[in-house]
Amino acid sequence: VESKAEWGTAILMEVKSGEIKAISNLEWNKNARDYVEGTNHAVLGYEPGSVMKPISMLVALEKGIVTNIDQVITTGHSWAYAGGRPISDGHGAASMPVREIIERSSNVGMARLITRYFEKQPDMFRQSLAELGFFDSLKTGIGGERLPEIAKLGNKNWDRIALSRMSYGYTTKIPPMSALAIYNAIANDGKYVRPRLVKELMRNGVTDSIIPVSYIREQVCTPDNARKLRQMLNA
């Protein structure tokens, strides 16, 4: 109500098991002049903006782009990369430690990190996300579930510009459930657990079968990198 949102979604997931304990969706109903339970936005794709930054940082840590999160890098408040429209920061600085890219939610800082490594082969960023299992189906069983959408890139200048935007969540469509699942891997020492809505099947009040905890990827990042990411997110 305070932000006059068109809609909102919230998902509660247990870290170790991947069990979805609750999903709530509210959207504005102009006839009722109030928020009502509506479309399940949790599994539909939307441009996530800064929600993407920790996921990009995960790639940066795993690829060795970042080895020291206290390393200071030059950022600036604005950066016209590859001749594109300048990337700007509302909370920018002339320079900052890598850890503050997340704390300050720095568009420029994240774009500088990712393009420094991937600019000669922009699509390798997307392929790195695929290696993490980011595009694997979550198989929640919820109708309308979408996969993350990040365009494949070539080696043209506009592909490099697109890469810089993707790194901080523009020009992408990512379901909240997919973002949650990989954030959960950060909390789970790097283990990427598939979200689970059903844990057992019963017949006449007796357990018939157990649906085991399953992993999209057993280990998408090292426990040390998961710890570094938690430090940045907790800042």
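In what order do the three strands of the open sheet lie? The order is 1-2-3, and the pairing is antiparallel. The legends below describe close-up views of a predicted model.

**View A. The open sheet of strands 1, 2 and 3.** Strand 1 and strand 3 are the edge strands, each pairing on one side only. On average, neighbouring strands of this sheet are turned by 20° against each other, direction ignored. Helix 6, made of residues 176–187, lies across strand 1 and strand 2 and runs at about 35° to strand 1. Strands of a sheet pair through backbone hydrogen bonds, in either a parallel or an antiparallel sense.

**View B. The hairpin of strand 1 and strand 2.** Strand 1 covers residues 7–13 and strand 2 covers residues 20–29. The two run antiparallel and are joined by seven bridges. Within this pairing, Ala10 stands opposite Ser24 of strand 2. Six residues lie between the two strands, and in this turn Gly18 has a positive phi of about 80°.

**View C. The hairpin of strand 2 and strand 3.** Strand 3 consists of residues 34–36 and pairs with strand 2 in the antiparallel sense, over three bridges. Trp28 stands opposite Tyr35, a residue of strand 3. Four residues separate the two strands, and Arg33 in the turn has a positive phi of about 55°.

**View D. The hairpin of strand 11 and strand 12.** Strand 11 (residues 200–203) and strand 12 (residues 206–210) run antiparallel, with four bridges joining them. Arg203 stands opposite Val206 in strand 12. Between the strands there are two residues, and Asn204 in this turn has a positive phi of about 55°.

**View E. A nonpolar surface patch that includes Val198.** The patch is formed by Leu197, Val198, Leu201 and Ile211, which together have about 300 Å² of accessible area. Val198 is placed in the loop between strand 10 (192–193) and strand 11. Is Val198 buried or partly exposed? Val198 counts as partly exposed because its relative accessibility is 42%, and the partly exposed class lies between 20% and 50%.

**View F. Helix 5 and its buried residues.** Asp159, Ala162, Leu163, Ser164, Arg165 and Met166 are buried in helix 5. The helix elements against which the buried residues of helix 5 pack include helix 1 (53–62), helix 3 (107–118) and helix 4 (123–132). These buried residues also pack against strand 6 (87–88), strand 8 and strand 9 (172–173).

**View G. Asn155, in the loop before helix 5.** This loop runs between strand 8 (149–150) and helix 5 (157–166). Which residues does Asn155 contact, leaving aside its neighbours within four places in sequence? They are Lys120, Gln121, Pro122 and Arg160. The C-alpha atoms of Asn155 and Ala187 are separated by 35 Å, with the two residues 32 apart along the chain.

**View H. The salt bridge of Lys63 and Glu131.** The closest N and O atoms of this pair are 3.2 Å apart. Lys63 lies in the loop between helix 1 and strand 4 (72–74) and Glu131 lies in helix 4, so the pair ties together parts that are 68 residues apart in sequence. Lys63 is partly exposed, with a relative accessible area of 29%. Glu131 is also partly exposed, at 47%.

**View I. The salt bridge of Asp70 and Arg99.** The side chains of Asp70 and Arg99 meet at 2.8 Å, N to O. This pair links distant parts of the chain, 29 residues apart: Asp70 is in the loop between helix 1 and strand 4, and Arg99 is in helix 2 (residues 99–103). Asp70 has a relative accessible area of 44% and is partly exposed. Arg99 is partly exposed as well, with a value of 23%.

**View J. The salt bridge of Asp136 and Arg217.** In this pair, the closest N and O atoms are 2.8 Å apart. Asp136 is in the loop between helix 4 and strand 8, while Arg217 is in strand 13 (residues 215–217); the pair links distant parts of the chain, 81 residues apart. Asp136 is partly exposed, at 29% relative accessible area, and Arg217 is partly exposed, at 28%.

**View K. A network of salt bridges linking Glu19, Lys21 and Arg196.** Side chains of opposite charge can pair when their charged atoms come close. The count of salt bridges in the model comes to 11.

Methods: Residues numbered from 1 in each chain as written. Predicted model: local features only at pLDDT ≥ 70, side-chain atom pairs only at ≥ 80, totals over all residues. Heavy atoms only, no water. Pairing = 2+ DSSP bridges. Contact = heavy atoms within 4.5 Å. Patch = residues over 30% accessible without salt bridge, like charges linked within 9 Å, V, L, I, M, F, W, Y side chains within 5 Å. Areas by Shrake-Rupley, 256 points an atom, 1.4 Å probe, with all protein chains shown as cover. Salt bridge = Lys/Arg side-chain N within 4 Å of Asp/Glu carboxyl O. Buried < 20%, exposed > 50% of the residue type's maximum accessible area, 1.4 Å probe, protein only. Axes fitted to C-alpha atoms, helices over the stretch in contact; angles between N-to-C directions.
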